[in-house]
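Work through the following exercises with the sequence and the model open side by side. Each task is followed by a solution in steps.

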Amino acid sequence: MATSIKKIVGASLIGTTIEWYDFFLYGSAAALVFNKLFFPESDPLTGTLLAFLTYAVGFVARPLGGLVFGHFGDRVGRKTLLVVSLLLMGAATFLIGCLPTHAAIGAAAPLLLTVLRLVQGFALGGEWGGAVLIVSEHGDSARRGFWASWPQAGAPGGNLLATGVLALLAAVQSEADFLSWGWRVPFLLSGVLVLIGLWIRLSITESPVFERAPKEETLPIVTVLRHHRRDVLIAIGARLAENISFYLLTVFVITYAKAERIDNSTVLNAVLIASAIHFATIPLWGALSDRVGRRPIYLAGAAGIGVWIFAFFPLVGTGNFLAITLAVTVGLLFHGMMYGPQAAFFAELFATRSRYTGVSIGAQLSAIVAGALAPVIAVALLRDYGSSLPISIYLGVAALLTLFAVYKARETQGRDLAERIHA
């Protein structure tokens, strides 16, 4: 019996929220504690830079995860691979919470941390494509943008959850207790969340579009490279401003605030509020793309963030809670204009039997040059220039590239995915 679209959306949303919680938790911890616990012999900004380099390693593994999960997702099905990705991510995150620090085992500590980060990246590389496709392929074309945007809301949902747990611990613990053992609690909590996510994901049915599509002899990656090279390049370009802006707005902002001697709880609470608004508005942008098209909403978001980033850092630098909240919230609203329509937009670019591979490769290759390097480049620019202006220019250039890529794309709104069985 077919699963209702609402149950499919709920299962995808809960699963992506848990996976993003695990992934973002690492980024927040890298900014707050990993520089002290795993790279204690460096000066503060260099230690943070090293912590973010291990953070970036997770992105390097994402295209490999996208390729492996995409291949089997296009061969075996979406549902099975979604269960595997959730298990891998949860196990890696739980084990990070069990890791001994540099003080206990020396150089082996950051090495083990890096290995577990690789597993996280591999799992997330496979998760995203499957989660958005199983919703896109269950829903109808008229409301695909709305339904497919809900798994996207798992990103701010996971960030909201990770930031909320860290903010709570920061509020009730001394800094010494947080560094000693408190930072482990959010990672260990992942074990419980994964069990809940697995129980829900095992209850849904496979994508009907996938099940009706005849099997092809050609490998999915070969089909993508032969027939969808342009679509992959469009996906990569479309993700640049979206991916870079998100990690600057939610991860690097913590490091920037610390450099400006702003209290951790102030910026964490600002990100918490902004993420809640972001979570609620992403489906609205997806729904709007069902009415006016994917490209107009995406283009508006890219243009908006390219301009807003020049106001973002001065607002954060004031140290005023309301100004910081405004800065992050408006930035994430522009991000949502890209991220909301993105799932349906990318799914509509590819054929059924190569769709998982296509969306995963396009999205995850971009993640290396965008999300992976964004905090690293931002920290390096801040350290070398002592100013936020070069960081704003960096995102501004990325926004121009995204505008070009989406402008060159064809409008995909309303396509029948079942009719796109062959490339």
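A residue is called buried under 20% relative accessible area, exposed over 50%, and partly exposed in between, with a 1.4 Å probe and protein chains only. The model is predicted, so that local features need pLDDT of at least 70 and side-chain atom pairs count only at pLDDT 80 or more, while totals for chains, interfaces and linings use all residues. Residues are numbered from 1 along each chain as its sequence is written, and side-chain values use heavy atoms, with hydrogens and water left out.

**Exercise 1.** Determine whether T250 is buried or exposed, and describe its surroundings.

Solution. Begin with the location: T250 lies in helix 13, residues 229-259, where helices are DSSP runs (H or I, at least four residues) numbered from the N terminus. Next, T250 has a relative accessible area of 1% and is therefore buried. A polar atom of its side chain lies 2.7 Å from the backbone oxygen of F246. Finally, setting aside residues up to four places away in sequence, T250 touches N159, V271 and L332, contact being heavy atoms within 4.5 Å.

**Exercise 2.** Classify A343 by its accessibility and list its contacts beyond four places in sequence.

Solution. A343 belongs to helix 16, residues 321-347, and counts as buried because its relative accessibility is 0%. Its contacts outside that sequence window are V132, S136, A148 and Q152. The C-alpha atom of A343 is separated by 25 Å from that of Y394, 51 residues apart along the chain.

**Exercise 3.** Classify V397 by its accessibility.

Solution. V397 is found in helix 18, and its relative accessible area of 44% is why V397 is termed partly exposed.

Key. Helices (H or I, at least four residues) and strands (E, at least two) are DSSP runs, numbered from the N terminus. A polar contact is a pair of N or O atoms within 3.5 Å; within protein, one must be able to donate a hydrogen and the other to accept it, and residues adjacent in sequence count only if both atoms are side-chain atoms.
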